[in-house]
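Dear colleague,

Please find below the structure that I am handing over to you. My account of what was found in it follows directly after.

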Amino acid sequence: MADAYVEGASAAGYEVRRMEVAKLEFPLLRTQEDFETGALPPDLKPSQEDMRWASTGSLFPLWHGTLPAVLKGFLEHIFRPGFAMAYKEGGFPKRLLAGRSARIVVTMGMPRCFFFAGISARMARSFERSMLSFAGIKPIRESFFGLSFADEKKRSHWIDEMRKTRHARRLLELRGWPLLRHN
């Protein structure tokens, strides 16, 4: 699906960059001090610059009702103070990623109706509110695909839909996290 999204975005005149998040080497953040003042791992500096260049979006599989752990660990590093927000004395942090939009594309091994009826839908809202909106990213658009019970015809339709999606300026994806910018 990510390949189809990138194909459609490229055909529409967007410049595309991809990050292979699963191939990046970085430790997990273990303390608030690490989050607030620790050094960004060297492998993540280019990713952070790509995110600064891009508008933002995410494409990821749903694992056990939430984001894959490697994606969450990646985002915790990238969305640190000074990049996603600037803390100030006695006030709400300044949102440093304002002006960017997001598209969240979630693939899952259950029908969409189960996702929305259960706790998993709260995961998407939490990700949107606690990371994207908090950093100033809006609007946030969503696409959810329950792949497990879909036949090949339905899957082909969804892939075509991804090619035709009205593109945000950039997109992120777990396996090959593409970043898009219109030329």
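Helices here are DSSP runs of H or I with at least four residues, and they are numbered from the N terminus. In that numbering, Glu128 is found in helix H6. Please note that this is a predicted model.

**Overall architecture**

The secondary structure of the protein comes to 7 helices and 7 strands. Along the sequence these follow the pattern α-β-α-α-β-α-β-β-β-α-α-β-α-β. Of the 183 residues in the protein, 45% are buried. When contacts between residues at least 6 apart in sequence are considered, 78% of them join residues at least 24 apart.

**Strand E5 and its partner**

Strand E5 spans residues 102-108, and 7 of its 7 residues are buried. In a regular strand, side chains alternate between the two faces of the sheet. In E5, Ala102, Ile104, Val106 and Met108 point one way, while Arg103, Val105 and Thr107 point the other way. The residues on both sides are buried. E5 pairs with strand E6 (residues 140-146) in the parallel sense, over 7 bridges. Within E6, Ile140 is the bridge partner of Ala102.

**Nonpolar cores**

In soluble globular proteins, nonpolar side chains tend to be buried together. The largest nonpolar core in this model has 32 residues, of which Phe60, Phe74, Leu75, Phe79, Phe115 and Phe127 touch the most other members. Helix H4 (69-78), E5 and helix H6 (120-133) are the elements that give two or more residues to this core. H6 provides the largest share, 6 residues. Another core, of 9 residues, lies apart from it and has Tyr5, Leu59, Ala150 and Trp158 among its members.

**Helix H1**

Tyr5 also appears in helix H1 (residues 2-11), where Ala2, Ala4, Tyr5, Val6, Gly8 and Ala9 are buried. H1 is followed by Gly13, which has a positive phi, near 95°.

**Packing of H3 against H4**

Helix H3 (residues 45-53) packs against H4 at an angle of about 75°, and the two axes are 10 Å apart. Angles of 65 to 115 degrees count as roughly perpendicular, and H3 and H4 are therefore roughly perpendicular to each other. Ser47, Gln48 and Met51 of H3 make the contact with Phe74, His77 and Ile78 of H4. By class, this contact of H3 with H4 has 3 nonpolar, 3 polar and no charged residues.

Ser47, in helix H3, merits a separate remark. Is Ser47 buried or exposed? Buried means under 20% relative accessible area, and Ser47, at 3% relative accessibility, therefore counts as buried. Not counting residues up to four places away in sequence, Ser47 touches Met19, Leu24, Phe74 and Ile78.

**Glu128 and the loop between H6 and E6**

To return to Glu128: this residue has a relative accessible area of 10% and is therefore buried. Leaving aside residues up to four places away in sequence, Glu128 touches Ile104, Ser133, Phe134, Ile140 and Glu142.

Phe134, one of the residues touched by Glu128, is found in the loop between H6 and E6. Phe134 has a relative accessible area of 23% and is therefore partly exposed. Its contacts, again not counting residues up to four places away in sequence, are with Met85, Phe92, Pro93, Arg95, Glu128 and Arg129. Phe134 and Pro93 are 41 residues apart in sequence, and their C-alpha atoms are 8.7 Å apart in space.

Pro139 also has its place in the loop between H6 and E6. The peptide bond from Lys138 to Pro139 is cis, with omega near 0°. By way of background, most peptide bonds are trans.

**Ala86 in strand E3**

Ala86 is found in strand E3 (residues 85-86). With a relative accessible area of 26%, Ala86 is partly exposed. Apart from its neighbours within four places in sequence, Ala86 is in contact with Pro93, Lys94 and Leu96. Ala86 and Leu96 are 10 residues apart along the chain, and 6.9 Å separates their C-alpha atoms.

With kind regards

Notes
Residues numbered from 1 in each chain as written. Predicted model: local features only at pLDDT ≥ 70, side-chain atom pairs only at ≥ 80, totals over all residues. Heavy atoms only, no water. Buried < 20%, exposed > 50% of the residue type's maximum accessible area, 1.4 Å probe, protein only. Pairing = 2+ DSSP bridges. Core = buried A, V, L, I, M, F, W, Y, C linked by side-chain atoms within 4.5 Å. Axes fitted to C-alpha atoms, helices over the stretch in contact; angles between N-to-C directions. Parallel < 35°, antiparallel > 145°, perpendicular 65-115°, else oblique. Contact = heavy atoms within 4.5 Å. Nonpolar A, V, L, I, M, F, W, Y, C, P; charged D, E, K, R; others polar.
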